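Reader: Please pick one part of this model and walk me through it closely. I work with cut-offs all day, so spell them out as you go.

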Amino acid sequence: ALRERGLPTLPGAFVLPGQETARANSLASGVHNQVRFRIRVYLFVKFAGDALGAKAHDYLEELRAPLRAALLAWQPAGEG
């Protein structure tokens, strides 16, 4: 899909759905059910400092904290 859309603005983060698991109902009425949903976050940067990209580690490290804060503050549309 990225190839069809062209190059994204960098740095960029892509949040994709991952594994979803549900536990059995914990109340006799069948009302309460716990669901665990995992996401995957891919962080893309453009860094031409070396052929293998190992030197980009420090650059990525600077982006992780703001990205984590944004993800933890996110709420679905219409919530809160």
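**A patch and its surroundings**

Author: Leu71 sits in helix 2 (residues 57–73); helices here are DSSP runs of H or I with at least four residues, strands are runs of E with at least two, and both are numbered from the N terminus. Quick housekeeping: this is a predicted model, where local features need pLDDT of at least 70 and side-chain atom pairs need 80 or more, while totals for chains, interfaces and linings use all residues. Numbering starts from 1 along each chain as its sequence is written, and side-chain values use heavy atoms, leaving out hydrogens and water.

Back to Leu71: its relative accessibility is 33%, so it counts as partly exposed, the class between buried (under 20% relative accessible area) and exposed (over 50%), with a 1.4 Å probe and protein chains only. Leu71 joins Val15, Phe37, Ile39 and Val41 in a nonpolar surface patch of about 390 Å². To be in a patch, a residue needs over 30% relative accessible area and no salt bridge; like charges are joined within 9 Å, and nonpolar side chains (Val, Leu, Ile, Met, Phe, Trp, Tyr) within 5 Å. A salt bridge, for the record, puts a side-chain nitrogen of Lys or Arg within 4 Å of a carboxyl oxygen of Asp or Glu. The areas are Shrake-Rupley values with a 1.4 Å probe, and for residues only the protein chains shown count as cover. The top contributor is strand 2 (residues 35–44), with three residues in the patch.

Strand 2 also has a hand in an aromatic pair, and the count for such pairs is one. The ring centres of Phe14 and Phe44 are 5.3 Å apart and the planes meet at 85°, so this is edge-to-face. Rings of Phe, Tyr and Trp (its six-membered ring) pair with centres within 6.5 Å; planes under 30 degrees apart are stacked, over 60 edge-to-face, the rest tilted. Phe14 belongs to strand 1 (residues 12–22) and Phe44 to strand 2, so the pair links distant parts of the chain, 30 residues apart. Phe14 is partly exposed at 25%, and so is Phe44 at 35%.

Zooming out, the chain reads α-β-β-α, with two helices and two strands. Of its 80 residues, 4% count as buried. About 7300 Å² is exposed, 55% of it supplied by carbon and sulfur atoms.
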